[in-house]
Every structure is written in C-alpha cells, then in structure tokens.
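Colleague: Before I trust the labels on this one, I'd like to go through how each was earned. Can you pull it up?

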Amino acid sequence: MLTKLFLLPLFLHLILIFWVGTRMLKARVKAIRGGTAKMSEIASDSSAWPRKVKLLGNNFDSQFDTPTLWYAVSALVVALQMVDLAFIALSWIFILTRYAHSFVHTGNNDVPSRMRIFMFGLFTVAAMWFWMGVQLFFMR
C-alpha cells in the first residue's frame, strides 16, 4: 500500500505532461491556422511562435528537466524497497510543486513566483536523494 501511495504522484505527473502537451499542440495548430505563426518561420526557429505558445512549449519541456531526478530517485527507492512515509510526503510535495509551476508558467508567468515554486520542488527532490542516502548508508 505504501508503494502505491508513493507511485501515485508519478502517474499524476504523466497526466500533467499529457495535459500541457495537448494544450501546446492545440495552441500551435491554432497559431498556424490563424496566421499568427508561419510554418516556414517556426520550422527553424521556435522563437517565432506567439508568446502563449512559447510558454506552453517551455512548460512542456520543463516537465522533462528536474522531474528526471525525481523519477530516478523514485525508481531506486522502489527497487531498494525503501518506501516510507517521508518519501511518500516528499513525492506528493514535489508533484504539487510541478502542478503549481505549470499553472504559473502557462498563466500569468510571474517569474519570481515561478522561481520560488521551482526551487521548492528542486529542494524537495534533493531531500529525497539525501534521505535515500541516509537510509542506504547509515540505517541499513
């Protein structure tokens, strides 16, 4: 049961990825059809997309940056059978930061708020790696 509680946030991240990816695709198609972006320009320069499309694309890309550290530590925690309440709490905190980051990034894009949310998520993943190291090297 603990492992399921631990892994559920990873599945929620997949939902976020597909949600942002779908929004990005729709915005790109709308920009091309509406004439605010030209295929010949965006083919070689992604900065030619309208602002909202760029935000969605950048947010989609960010779902594969820091979360890779989260996926790696999560896989190790499960493989090493180390799932505990601390890992569950940290994993849930991290997914909440990913959703908050996405809403700010694709919404008003307030950079200071987005940076605080990002840093909180990054520190959360760092705490997961630290806790795994403590358990692995000092508690087993």
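**Earning the labels**

Modeller: Take Lys 54 to begin with: its relative accessible area is 32%, so Lys 54 is partly exposed. Keep in mind that this is a predicted model.

Colleague: What makes 32% "partly exposed" for Lys 54?

Modeller: Buried means under 20% and exposed means over 50%. Lys 54 has 32%, so it falls in between and is called partly exposed. The residue sits in helix H3.

Colleague: Which residues does Lys 54 touch, not counting those up to four places away in sequence?

Modeller: Ser 46, Ser 47 and Trp 49. The side chain of Lys 54 also reaches the backbone oxygen of Ser 47 at 3.2 Å. Contact needs heavy atoms within 4.5 Å, while a polar contact needs N or O atoms within 3.5 Å. As for Val 111, its C-alpha is 15 Å from that of Lys 54, with the two positions 57 residues apart in sequence.

Colleague: What is the span of H3, and what is expected?

Modeller: H3 covers residues 51-62, which is 12 residues, and reaches 16 Å from its first C-alpha to its last. That is close to the 16 Å expected at 1.5 Å a residue. Its buried residues are Val 53, Leu 55, Leu 56, Gly 57, Asn 59 and Ser 62, and they pack against H1, H4 and H5.

Colleague: How do you know that the span of helix H6 agrees with what it should be?

Modeller: H6 runs over residues 111-139, and at 1.5 Å a residue its 29 residues should span 42 Å. The end C-alpha atoms are 40 Å apart, so the two values agree. The buried residues of H6 include Ile 117, Gly 121, Met 128 and Gln 135. The partners that the buried residues of H6 pack against are H1, H4 and H5.

Colleague: Let's try a polar residue. Why is Thr 106 called buried?

Modeller: The cut-off for buried is under 20%, and Thr 106 has a relative accessible area of 4%, so it counts as buried. Thr 106 belongs to helix H5. Leaving aside neighbours within four places in sequence, it is in contact with Arg 23, Lys 52, Leu 55, Leu 56 and Asn 59. Three of those names are ones you've met: Leu 55, Leu 56 and Asn 59 are among the buried residues of H3.

Colleague: What makes the pair Thr 106 and Arg 23 a polar contact?

Modeller: A polar contact takes N or O atoms within 3.5 Å, one able to donate a hydrogen and the other to accept it. The side chains of Thr 106 and Arg 23 are joined at 3.4 Å, so the pair passes on distance.

Colleague: And Gln 63, buried or exposed?

Modeller: Buried, because its relative accessible area is 1% and the cut-off is under 20%. Gln 63 is in the loop between H3 and H4. Its side chain makes a polar contact of 2.9 Å with the side chain of His 13. Beyond neighbours within four places, Gln 63 is in contact with His 13, Leu 16, Ile 17, Arg 98 and Ser 102.

Colleague: Now the loop residues with positive phi. Where is Gln 81, and why is it called exposed?

Modeller: Gln 81 is in the loop between H4 and H5. Exposed means over 50%; Gln 81 has 69% relative accessibility, so it counts as exposed. Its phi is near 55 degrees, a positive value in a residue other than glycine.

Colleague: Why does Asn 109 count as buried?

Modeller: Because its relative accessible area is 14%, which is under 20%. Asn 109 lies in the loop between H5 and H6, and its phi is near 50 degrees.

Colleague: What about Leu 7, in helix H1?

Modeller: Leu 7 has 28% relative accessibility, between 20% and 50%, so it counts as partly exposed. Leu 7 and Trp 131 are 124 residues apart in sequence and 17 Å apart in space, C-alpha to C-alpha.

Colleague: Zooming out, how many helices and strands does the chain have?

Modeller: Six helices and zero strands. Of the 140 residues, 38% count as buried. Among contacts with a separation of 6 or more, 78% come from residues 24 or more positions apart.

How values were computed
Residues numbered from 1 in each chain as written. Predicted model: local features only at pLDDT ≥ 70, side-chain atom pairs only at ≥ 80, totals over all residues. Heavy atoms only, no water. Helix = DSSP H or I, 4+ residues; strand = E, 2+ residues; numbered from the N terminus. Buried < 20%, exposed > 50% of the residue type's maximum accessible area, 1.4 Å probe, protein only. Expected span 1.5 Å × (residues − 1).
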